[in-house]
Amino acid sequence: MHLQKSAKLTLLGLLILPSFLSAQKSEPDEKILSKDRLNIFKYNQEENEQSSSKLKKDWINPINLSYSKDKSDTSDTIKSAISISQPIFKSGGIYSAIKYAGATYKYNTLDIELQKKELIKEATTMLFNLHITTLNIKKSELLLKNANIDVDRKKEQVIHGFLDTSTLDNAILDANEIKNQLADLYYQKEELIYNFSNIASGDYRSFELPILKLVDEKAFLKENLELSKARADVEQQDYYKDMIMSNYLPSLSVEANHTQYHEDKHNDIQNENIYSYGLSLSMPLDVRAYNDVQSQRINYLTKKLNLKNTELEEKNFYRTKLSRLKMLENKKTIAKEDYKLYNSLLEIIIEEKNAEVKTQSDVDTLENSQKIKSIELKIYELEKQIELLDLYAKIS
């Protein structure tokens with residue numbers, strides 16, 4: 001299942017995602033990963049299929065073939081033999097072994113899918129962060145423009161004796177701090193590009209950003225891969241517990257042997273065949289049986305508790321994401337209000353500039369501040385997408 005907008009969005013969902021309600025939905029695509037990375041998951045799944053197929057056949061004993069040549073003073077014999085001892089009843093152990101193989105395959109498949117989703121999330125998160133860093137660079141460049149305007153303004157005021165030099169020094173220090181922040185941001189972007197190229201199939205600019213929507217809690221828990229994996233683990237250990245127990249219960253086997261003497265030069269034997277077959281009933285008496293069975297039973301009970309804990313963790317994970325989405329939406333609201341405020345102030349400042357009451361630098365400062373708020377709105381939206389991406393990585 002993919003992340004979809006619930007048919008009945010909660011009020012919180014409506015508050016969180018107003019900008020997505022009319023947007024066309026897209027999702028992170030595995031094509032973001034390099035072919036080598038995708039092939040690793042492909043080979044892991046193929047290995048899982050082979051291992052599962054082998055596990056389903058583990059209860060079937062091999063047919064033993066032998067060929068021998070014995071030579072002594074009284075015989076010179078060549079013979080071959082085929083023998084098998086095959087359990088046909090193990091007090092439920094055969095059934096449990098087959099079911100255990102299926103549960104193991106399911107568990108491993110879910111584990112591979114989780115790893116794949118996690119890597120797609122990692123690549124897509126870096127893609128979002130590259131765009132966020134680019135926006136932060138633009139924001140810092142605008143902040144630097146305002147800082148430089150402030151330095152020029154204070155320089156004029158110092159020259160004309162309206163301010164002391166310490167105020168100018170502080171303005172210069174503020175501008176230099178922004179320059180240092182810009183240097184950090186340029187480095188962060190380069191680092192992200194290199195890290196992205198380690199797992200991605202192309203340049204980050206060639207990928208479109210996905211648009212994710214909030215899934216409701218019920219659907220999140222129903223399709224949760226961590227929970228599905230934990231359930232498969234419980235199922236796996238349940239069947240394994242039965243297998244262990246069956247090892248200490250009665251077992252019925254079919255036994256068959258065929259020996260052929262091809263040649264015995266001393267006794268003139270040619271192609272003599274000897275057949276034997278029968279049934280055997282066995283039951284091991286092992287002083288360790290109780291400990292072995294109880295140990296596996298405890299392991300099974302532990303897995304059930306792990307499932308319960310995982311359910312609680314995933315519920316709280318979802319609710320924590322809701323809280324963070326709400327916080328980001330609140331920040332967006334504040335940024336929108338600031339943007340509107342700058343817009344109204346800008347209209348007044350432009351009128352005053354035309355009346356030669358204000359200067360062009362006053363207009364430029366407000367325009368830059370308004371652009372900064374516009375960039376912050378975009379950053380908050382991308383940060384919300386990263387939070388939704390964390391949810392996407394956990395569901396099938």
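1. In which helix do Glu 376 and Lys 373 both lie, and how many residues apart are they? Both residues belong to helix 8, where they are three residues apart, about one turn of the helix. In this predicted model, their side chains meet in a salt bridge with an N to O distance of 3.1 Å, and both Glu 376 and Lys 373 are buried. A wider arrangement can be described next to this pair, since salt bridges that share partners join Glu 118, Lys 121, Lys 321, Arg 324, Glu 387 and Asp 390 into one network.

2. A second salt bridge of helix 8 may be read alongside the pair just described. Glu 381 forms a salt bridge with Lys 332, and the closest N and O atoms of the two are 2.4 Å apart. This pair links distant parts of the chain, with Glu 381 in helix 8 and Lys 332 in helix 7, 49 residues apart. Glu 381 is buried, and Lys 332 is buried as well.

3. For context, a search of the whole structure finds 24 salt bridges, and one more of them deserves a comment here. The side chains of Lys 241 and Asp 242 meet at 3.5 Å, N to O, in a salt bridge. Lys 241 has a relative accessible area of 15% and is therefore buried, the limit for that word being under 20%. Asp 242, at 28% relative accessibility, counts as partly exposed.

4. Two helices can be checked by comparing their expected span with the positions of their ends. Helix 7 has 66 residues, which at 1.5 Å a residue should span 98 Å, and its end C-alpha atoms are 96 Å apart, so the two values agree. Helix 6 (residues 225-246) has 22 residues and should span 32 Å by the rule of 1.5 Å a residue, while its end C-alpha atoms are 31 Å apart, which agrees too. At the N-terminal end of helix 6, Asn 224 acts as a cap, with a side-chain oxygen that lies 2.9 Å from the backbone nitrogen of Glu 226.

5. The backbone angles of two residues should be looked at with some care. Glu 356 is not a glycine, yet it has a positive phi of about 65°, and this value occurs just after helix 7. The residue sits in the loop between helix 7 (289-354) and helix 8 (360-392), and, because its relative accessibility is 72%, Glu 356 counts as exposed. Ser 91 is also a residue other than glycine with a positive phi, in this case near 55°. Ser 91 is found in the loop between strand 2 (76-89) and helix 3, and with a relative accessible area of 26% it is partly exposed.

6. The strands offer both a buried residue and a surface patch. Ser 253 lies in strand 3 (residues 251-264) and counts as buried, because its relative accessibility is 8%. When its neighbours within four places in sequence are left aside, Ser 253 is in contact with Ser 85, Gln 86, Pro 87, Ile 88, Gly 278, Leu 279 and Ser 280. Two of these partners, Ile 88 and Leu 279, appear again on the surface, where they form a nonpolar patch with Phe 89 and Val 254, and the four have about 380 Å² of accessible area together. Phe 89 is found in strand 2, and with a relative accessible area of 45% it is partly exposed.

7. Finally, two residues of helix 3 may be considered in turn. Ile 137 lies in helix 3 and is buried, because its relative accessible area is 7%. Leaving aside its neighbours within four places in sequence, Ile 137 is in contact with Leu 182, Leu 185, Tyr 186 and Lys 189. Ile 137 and Asp 184 are 47 residues apart in sequence, and their C-alpha atoms are 9.6 Å apart in space. Lys 99 is also found in helix 3 (residues 93-159), where it is partly exposed, with a relative accessible area of 36%. From Lys 99 to Ile 199 there are 100 residues in sequence, and the two are 36 Å apart in space, C-alpha to C-alpha.

Key. Residues are numbered from 1 along each chain as its sequence is written. This is a predicted model: local features need pLDDT of at least 70, side-chain atom pairs count only at pLDDT 80 or more; totals for chains, interfaces and linings use all residues. Side-chain values use heavy atoms; hydrogens and water are left out. Helices (H or I, at least four residues) and strands (E, at least two) are DSSP runs, numbered from the N terminus. Buried means under 20% relative accessible area, exposed over 50%, partly exposed in between (1.4 Å probe, protein chains only). The expected span of a helix is 1.5 Å times one less than its number of residues. A polar contact is a pair of N or O atoms within 3.5 Å; within protein, one must be able to donate a hydrogen and the other to accept it, and residues adjacent in sequence count only if both atoms are side-chain atoms. Contact means heavy atoms within 4.5 Å. Patches are made of residues with over 30% relative accessible area and no salt bridge: like charges are joined within 9 Å, nonpolar side chains (Val, Leu, Ile, Met, Phe, Trp, Tyr) within 5 Å. Accessible areas come from the Shrake-Rupley method with a 1.4 Å probe; for residues, only the protein chains shown count as cover.
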